[in-house]
Amino acid sequence: MITKVPTYFYENIYKVDYQNLKDKGIKTLFFDLDNTLIPYDIPYLPTEVISFLKELEKDFKVLIITNNNYRRTKLAVGNNFNFMAHAKKPLKKAYYKALALTKSNVWEVCAIGDQLMTDIIGANKLGIKSILVNPIDPKSEGIPTKINRFRERLLIKKISKKDPNLFLERLIDFNAR
Ligand SMILES: [Mg+2]
């Protein structure tokens, strides 16, 4: 079960305890793009997100890893941050590539995203710390993500039955379920 749940849950990227991550030796942050940083239907990263991530870059390497296509990602991120499009999360190769790109070891990385089936399970497979955040705007999600959400709800239900404490600690406030 533990490989299916996030290391931490926070309401959104602004609420994450980055100091705690730093204290635990985290040097690199992998951010998901859609519904973690911006809704699917917003083309550009808003200035407040850019400034927030720029601030984080004083303490961490930042890489945006998305399963979305290059065009969407390039338009959204521009030259502001390093990114990996078409990542194919939760496949392990996505994370091997991201680790190589950021010259990071697994124990130095924390991955932040809004989906259990991709962002969290993918990171956990390699032993990368993971943070689940609430999706910014679930209404903006397309069919493939809706299917993932369906599988996610079943998984969360299973976790809540098998390990109620883990559910209460890390999933009860997740609002996509
Ligand atoms: Mg997402």
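This passage describes the sheet, the magnesium site and one helix of a predicted model.

The sheet is open and is built from six strands, which follow one another in the order β1-β6-β5-β2-β3-β4 with parallel pairing. Strands of a sheet pair through backbone hydrogen bonds, and this pairing may be either parallel or antiparallel. In the present model the edges are occupied by β1 (8-10) and β4 (82-84), each of which has a single partner strand, so that one side of each is left without a neighbour in the sheet. From one strand to the next, the twist averages 25°.

Within this arrangement, strand β2, formed by residues 28-31, pairs with strand β5, formed by residues 109-113, in the parallel sense and over four bridges. F31 stands opposite I112, a residue of β5. Helix α5, which comprises residues 116-125, packs on the sheet and touches both β5 and β6 (129-133), and the direction of α5 makes about 165° with that of β6.

The magnesium ion is coordinated by D32 and D114, each through OD, and by D34 through O, at 2.1 to 2.2 Å. Along the sequence, these donor residues follow the spacing D-x1-D-x79-D. D32 lies in the loop between β2 and α2 (47-56), whereas D114 lies in the loop between β5 and α5, and the pair therefore ties together parts that are 82 residues apart in sequence. As for accessibility, where a residue counts as buried under 20% relative accessible area, D32 is buried with a value of 7%, and D114 is likewise buried, with a relative accessibility of 0%.

Helix α3, which spans residues 70-77, has R72, T73, A76 and V77 as its buried residues. These residues cover an arc of only 105° around the axis, and they are therefore placed on the same side of α3. This kind of pattern can be considered alongside the geometry of an α-helix, which has 3.6 residues a turn, so that residues three or four places apart point the same way. The buried residues of α3 are covered by elements that include β3 (61-65) and β4.

Both ends of this helix can also be described. At the start of α3, a side-chain oxygen of N69 reaches to within 3.2 Å of the backbone nitrogen of R71, while after α3 comes G78, a residue whose phi is positive, near 60°.

How values were computed
Residues are numbered from 1 along each chain as its sequence is written. This is a predicted model: local features need pLDDT of at least 70, side-chain atom pairs count only at pLDDT 80 or more; totals for chains, interfaces and linings use all residues. Side-chain values use heavy atoms; hydrogens and water are left out. Two strands pair if DSSP finds at least two bridges between them. Helices (H or I, at least four residues) and strands (E, at least two) are DSSP runs, numbered from the N terminus. Axes are lines fitted to C-alpha atoms, for helices over the stretch in contact, and angles run from 0 to 180 degrees between N-to-C directions. Contact means heavy atoms within 4.5 Å. Donors are N, O and S atoms within 2.8 Å of the metal (3.2 Å for Na, K and Ca); water is not among the atoms, so sites may look incomplete. Buried means under 20% relative accessible area, exposed over 50%, partly exposed in between (1.4 Å probe, protein chains only). The arc is that of the directions from the helix axis to the C-beta atoms. A polar contact is a pair of N or O atoms within 3.5 Å; within protein, one must be able to donate a hydrogen and the other to accept it, and residues adjacent in sequence count only if both atoms are side-chain atoms.
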